[in-house]
Amino acid sequence: MSNPEMADAAALLQRNSLALMFFAHAWLKTAVFTPAGAVKYFESLGVPGFLAYLTIAAEIGGGALLFLGIGTRWVALALVPLMLGTIFLEHGKNGWLFTNKGGGWEYPAFWTVGLVALAQVGDGLAALGAELRVNL
């Protein structure tokens, strides 16, 4: 049985949880590994290094838009290819469990499902997107 009165609160919780995870991963790439280190890592995976910068920008920009609830459905869907890239280019070869050496694909797959579910549910409470549409 679902609880329609709590659906907007659940969407807010999911939206902000996903946003905070994107912020954490962008911080990891900038503060811990450094952008130059992220570029080298991306190149070691066989992808162009500049994609590291685009990934960091997507994590920060997409995370901010999700956190604020602006274009939530479209932003969530736009971030799905980023997560699928981590599965197919990085974690997929390491097996299922994320505790495997190099991290398996379990966590990015779960993150991807969360994004798809959020795209289906929508903004939720405290979303600025609806407010911006009304005021434009």
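Begin by selecting Tyr 107, which lies in helix H5, the helix that spans residues 106-121. What you have open is a predicted model, and with Tyr 107 highlighted you can ask how far this residue is open to the surroundings. At 23% relative accessibility, Tyr 107 counts as partly exposed, because that class begins where the buried one ends, at 20%. Now show its neighbours: leaving aside residues up to four places away in sequence, Tyr 107 touches Met 21, His 25 and Phe 98. If you then add Ala 11 to the selection, you will find its C-alpha atom separated from that of Tyr 107 by 20 Å, the two residues being 96 residues apart along the chain.

Next, select helices H1 and H3, which cover residues 7-32 and 50-68. Two packed helices are described by the angle between their axes and the distance between the axes. Here H1 and H3 pack at an angle of about 155°, and their axes are 8 Å apart; the two helices are therefore roughly antiparallel to each other, since an angle over 145 degrees counts as such. The crossing they make is left-handed. To see the contact itself, display side chains on both helices: H1 contributes residues including Leu 18, Phe 22, Phe 23 and Ala 26, while among those of H3 are Ile 56, Ile 60, Gly 63 and Phe 67.

Stay with this pair of helices and select Lys 29 and Glu 59, which also belong to the contact between H1 and H3. Side chains of opposite charge can pair when their charged atoms come close. Lys 29 forms a salt bridge with Glu 59, and the closest N and O atoms are 2.8 Å apart. This pair links distant parts of the chain, with Lys 29 in helix H1 and Glu 59 in helix H3, 30 residues apart. Both Lys 29 and Glu 59 are buried, and the structure holds one salt bridge.

For the last stop, select helix H2, residues 35-44, and colour Ala 38, Val 39 and Phe 42, which are buried. Why do these residues fall on the same side of H2? They cover an arc of only 105° around the axis, which puts them there together. The buried residues of H2 pack against helix H1 and helix H3, whereas the face turned away from the buried side carries the exposed residues Lys 40 and Ser 44. Finally, move along the chain to Gly 46, which follows H2 and has a positive phi, near 90°.

Key
Residues numbered from 1 in each chain as written. Predicted model: local features only at pLDDT ≥ 70, side-chain atom pairs only at ≥ 80, totals over all residues. Heavy atoms only, no water. Buried < 20%, exposed > 50% of the residue type's maximum accessible area, 1.4 Å probe, protein only. Helix = DSSP H or I, 4+ residues; strand = E, 2+ residues; numbered from the N terminus. Arc of directions from axis to C-beta. Contact = heavy atoms within 4.5 Å. Salt bridge = Lys/Arg side-chain N within 4 Å of Asp/Glu carboxyl O. Axes fitted to C-alpha atoms, helices over the stretch in contact; angles between N-to-C directions. Parallel < 35°, antiparallel > 145°, perpendicular 65-115°, else oblique. Left-handed = near helix turned anticlockwise from the far one by under 90°.
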